[in-house]
Amino acid sequence: MTEPAPPALRVLVVDDERPVLDELVWLLDRDQRIGQVRTASSGTEALRVLEGGDVDLAFLDIAMPGLSGLEIARLLQRFARPPRVVFVTAHDAHAIEAFDMNAVDYLLKPVREERLAESIRRAVDAGHRGAPPADERLAVELGGVTRFVMRSTITDVEAQGDYVRLHTVDGSSHLLRMTLSHVAERWAEHDFLRVHRRHVVNRQHIREVRQSAGRTTLVLPSGESSIEVEVSRRHHRDLRELLHDS
């Protein structure tokens, strides 16, 4: 028996430039996965619509007078059931902030129809995933005592021979008999990303992404301090593609 198609997405498009707004609405109307499309030309107007709770997906322009798209997204994080968000902008300077707010995608203007289709696919997939999976409790040995570490508290997983070292938000670290490749595969759906042949990081704990002299470094919490993890050239591309596709 064929599964019924998912309900069409109710969409809000927010942009202060009318030609851009009209073009995006026209493209969305051509996609069968899209149902109702509403528009707003300012952040204030957008919030009035969003407070109604009948929006599944919001396309937010970042640079707008008054409330920016990023500020709207921050306010949406307080909603009990926030819509999925796609940022639309002429520049990629805010990709890191968009990434931190778990945006479905980050589109660069002018928006191409095939890239918009990919954004919609990601939004549909995000809707299927629903609530985030339950946390996992890991048993680790420390001085002959078995302790338990919650996966969500892990900031960085570092390869150490046949083991991995788990670094946590409180600054502690624990050895676990597991390969880094296994960690990267097993925890990928829980926001863990391989950034180096020796490191897998929890995206939820990335404080900063620093770029200098061709090097990219991630800053992660460690107790009252922080640690830095370098992103290898090989995985730098993966990180950029995760933030947005040009």
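Which strand does H167 lie in? I started there: H167 belongs to strand β9. Helices here are DSSP runs of H or I with at least four residues, strands are runs of E with at least two, and both are numbered from the N terminus.

**Ground rules**

I'm working on a predicted model, where local features need pLDDT of at least 70, side-chain atom pairs count only at pLDDT 80 or more, and totals for chains, interfaces and linings use all residues. Residue numbers run from 1 along each chain as its sequence is written, and side-chain values use heavy atoms, with hydrogens and water left out.

**H167 and the β9/β10 hairpin**

I looked up burial for H167 and found it buried, with a relative accessible area of 17%. My cut-offs: buried is under 20% relative accessible area, exposed is over 50%, and partly exposed is in between (1.4 Å probe, protein chains only). Not counting residues up to four places away in sequence, H167 touches T153, I154, T155, D156, E158, S172, S173 and I227. Contact here means heavy atoms within 4.5 Å.

Next I checked the pairing. β9 (residues 163-168) and β10 run antiparallel and are joined by four bridges; two strands pair if DSSP finds at least two bridges between them. L166 has H174 in β10 as its bridge partner. Four residues sit between the strands of this hairpin, and G171 takes a positive phi near 95° there.

β10 (residues 173-176) has alternating side chains: H174 and L176 point to one face and are buried, while S173 and L175 point to the other and are not.

**The antiparallel sheet**

I followed β9 and β10 into their sheet. It is an open one of five strands with antiparallel pairing, in the order β10-β9-β8-β12-β11. β10 and β11 (192-196) are the edge strands, each pairing on one side only. Neighbouring strands are turned by 25° against each other on average, direction ignored. For angles, axes are lines fitted to C-alpha atoms, for helices over the stretch in contact, and values run from 0 to 180 degrees between N-to-C directions.

At the other end, β11 and β12 (residues 199-202) pair in the antiparallel sense over four bridges. The bridge partner of L193 is V201 in β12.

**The parallel sheet**

There is an open sheet of five strands with parallel pairing too, ordered β2-β1-β3-β4-β5. β2 (34-40) and β5 (105-108) stand at the edges with a single partner strand each, so one side of each is left without a neighbour in the sheet. The average turn between neighbouring strands of this sheet is 20°, direction ignored.

I noted five bridges between β1 and β2, which run parallel. V14 has A40 of β2 as its bridge partner. α1 packs on the sheet and touches β1, β2, β3 and β4, with its direction at about 175° to that of β2. L12 stands opposite R38 in β2. β1 is mostly covered, with five of its six residues buried.

**Cores**

What is in the largest nonpolar core? I find 20 residues, and those with the most contacts inside it are L9, V11, V13, L28, F59 and L116. A nonpolar core is a set of buried Ala, Val, Leu, Ile, Met, Phe, Trp, Tyr and Cys residues joined through side-chain atoms within 4.5 Å. β1 (9-14), α1 (18-29), β3 (57-61), β4 (84-89) and α5 (113-129) each supply at least two residues of this core.

I singled out L28: beyond four places in sequence, L28 touches V11, V13, I34, V37, F59, L116 and I120. A second, separate core has 19 residues, including A40, L50, V55 and Y106.

**A117, for contrast**

A117 is in helix α5. Buried or partly exposed? I get partly exposed for A117, at a relative accessible area of 28%. Leaving aside neighbours within four places in sequence, A117 is in contact with D31 and R33. A117 and L27 are 90 residues apart in sequence and 9.1 Å apart in space, C-alpha to C-alpha.

**Helix pair α2/α3**

α2 (residues 43-50) and α3 (residues 69-76) pack at an angle of about 25°, with axes 10 Å apart. The contact is made by G43, A46, L47 and L50 of α2 and I72, L75 and L76 of α3.

**Totals**

I counted seven helices and 15 strands in the protein. Of its 246 residues, 43% are buried.
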